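Got your viewer open and a selection box ready? Let's take a walk through this one, stop by stop.

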Amino acid sequence: MTRVVLFDIDGTLIRTGGAGVRAFARTAELVFGKPGGTATLRFHGRTDTSLVREFLRLHGFTDTPENLARFLGTYLFLLDEELERHRGETCPGVPELIANLRALPEPPLIGLLTGNVRVGAALKLAAHDLAGHFLLGAFGDDHENRNELAAVARKRASQMLGRDVAGNEILVIGDTQADIECAHAI
């Protein structure tokens with residue numbers, strides 16, 4: 001029986017029309033002086049933390065907690081701004097799916113398994129009135145490796161349910177190969 005349902009955000013719950021990619025690019029230019037500095041990054045299925053670290057290494061910046069914090073702090077500010085300009089759309093069927101999961105006789109815990117850092121996830125979900133639907137989550141600032149996030153989510157679900165949750169009791173819903181791989185990791 002499925003006891004936990006974990007959703008990816010981008011491309012699964014919502015489409016932001018590239019707000020995150022634009023905020024990353026603007027941060028690269030404004031904070032690090034690298035216009036076009038994120039053009040070669042592959043964003044889909046990645047964690048924000050891994051993307052920032054790749055950007056830093058690619059452009060010869062030291063991968064320090066300070067540089068990571070500088071990048072992410074500016075990125076989150078600019079992400080909020082980008083979402084105000086163009087919030088994108090909720091993917092078709094998402095509100096109905098969440099409502100149907102909650103209406104089950106034994107509803108599963110509904111959570112997030114996303115590469116977005118926690119604040120970025122909150123901003124994106126708030127822009128679509130989805131923030132209050134998720135009881136737990138694993139985020140890009142919990143670990144930079146997407147597969148490790150699955151283990152974090154499983155541990156948090158186990159704590160909430162007061163017992164070890166088996167991998168076959170967890171359903172991961174996403175839109176990339178990375179989502180499939182992290183589901184297999186648990």
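A residue counts as buried here if its relative accessible area is under 20%. Keep that cut-off in mind for the opening stop, and remember throughout that this is a predicted model.

**Stop 1: a glycine in a loop**

Select Gly-45, which you'll find in the loop between α1 and α2. Is Gly-45 buried or exposed? Its relative accessibility is 18%, so Gly-45 counts as buried. Now add Glu-144 to the selection and draw a C-alpha to C-alpha distance: the two are 11 Å apart in space, with their positions 99 residues apart in sequence.

**Stop 2: the sheet**

Switch to cartoon and pick out the strands β5, β4, β1 and β6. In that order, they form an open sheet of four strands with parallel pairing. Which strands sit at the edges? Those are β5 (136-138) and β6 (170-173), each of which pairs on one side only. Look along the sheet and you'll see the twist, which averages 25 degrees from one strand to the next.

If you like to display backbone hydrogen bonds, this is the moment: strands of a sheet pair through them, in either a parallel or an antiparallel way.

Start with strand β1 (residues 4-7) and show its side chains. Val-4 and Leu-6 point one way, Val-5 and Phe-7 point the other way, and all of them are buried. That fits the general pattern, in which side chains of a regular strand alternate between the two faces of the sheet.

Next, look at what β1 touches:

- Towards β4, the two strands run parallel and are joined by four bridges. Click Leu-6 and you'll find Gly-111 of β4 opposite.
- Towards β6, the pairing is again in the parallel sense, over four bridges. Here Leu-6 has Val-172 as its bridge partner, while Val-4 is partnered by Ile-170.

So what do the faces of β6 look like? Colour Ile-170 and Val-172 for the covered face of β6, then Leu-171 and Ile-173 for the uncovered one.

To finish the sheet, go over to strand β4 (residues 109-113), which pairs with β5 in the parallel sense over three bridges. Gly-111 turns up again here, with Leu-136 as its bridge partner in β5.

**Stop 3: the aromatic rings**

Hide the sheet and show Phe, Tyr and Trp side chains as sticks. How many aromatic pairs does a search of the whole structure find? The search finds nine. Begin with Phe-55 and Phe-61, a stacked pair at 6.1 Å centre to centre, with 20 degrees between the planes. The two partners differ in their surroundings: Phe-55 is buried, with a relative accessible area of 0%, whereas Phe-61 counts as partly exposed at 26% relative accessibility.

Stay on Phe-55 and add Phe-71. This aromatic pair is tilted, with 5.3 Å centre to centre and 55 degrees between the planes. The pair links distant parts of the chain, since Phe-55 belongs to helix α2 (residues 48-58) and Phe-71 to helix α3 (residues 65-85), 16 residues apart. Phe-71 counts as buried, at 0% relative accessibility.

Now widen the selection to Phe-24, Phe-32, Phe-43, Phe-55, Phe-61, Phe-71 and Tyr-75: ring pairs link these into a cluster. While you're there, add Arg-70. Its charged end sits over the ring of Phe-32, 4.7 Å from the ring centre.

**Stop 4: the largest pocket**

Turn on a surface or run your pocket finder. The largest pocket has a volume of about 420 Å³ and a lining of 27 residues. To centre your view on this pocket, select Asp-10, Val-21, Phe-43, His-44 and Lys-124, which lie nearest its centre. You've already met Phe-43, as a member of the ring cluster.

Which elements supply the lining? β2 (14-15), α1 (19-32) and α2 each bring at least two residues to the largest pocket. Among contributors, α1 gives the most, with four residues.

**Last stop: an odd backbone angle**

Jump to Asp-129, in the loop between α5 (118-126) and β5. Check its backbone torsions: phi is positive, about 55 degrees, although Asp-129 is not a glycine. Turn the surface back on and you'll see that Asp-129 counts as exposed, at 67% relative accessibility.

Note on methods: Residues are numbered from 1 along each chain as its sequence is written. This is a predicted model: local features need pLDDT of at least 70, side-chain atom pairs count only at pLDDT 80 or more; totals for chains, interfaces and linings use all residues. Side-chain values use heavy atoms; hydrogens and water are left out. Rings of Phe, Tyr and Trp (its six-membered ring) pair if their centres lie within 6.5 Å; planes under 30 degrees apart count as stacked, over 60 as edge-to-face and the rest as tilted. Buried means under 20% relative accessible area, exposed over 50%, partly exposed in between (1.4 Å probe, protein chains only). A charge sits over a ring if NZ of Lys or CZ of Arg is within 6 Å of the ring centre and within 35 degrees of the ring normal. Two strands pair if DSSP finds at least two bridges between them. Axes are lines fitted to C-alpha atoms, for helices over the stretch in contact, and angles run from 0 to 180 degrees between N-to-C directions. On a 1 Å grid over the protein atoms alone, a cavity is a set of points where a 1.4 Å probe fits but cannot get out, and a pocket is an open set with protein on both sides within 12 Å along at least five of seven lines; lining residues have an atom within 4 Å of a point. Grid points are joined across faces, edges and corners, and a volume is the space filled by probe spheres set on the points.
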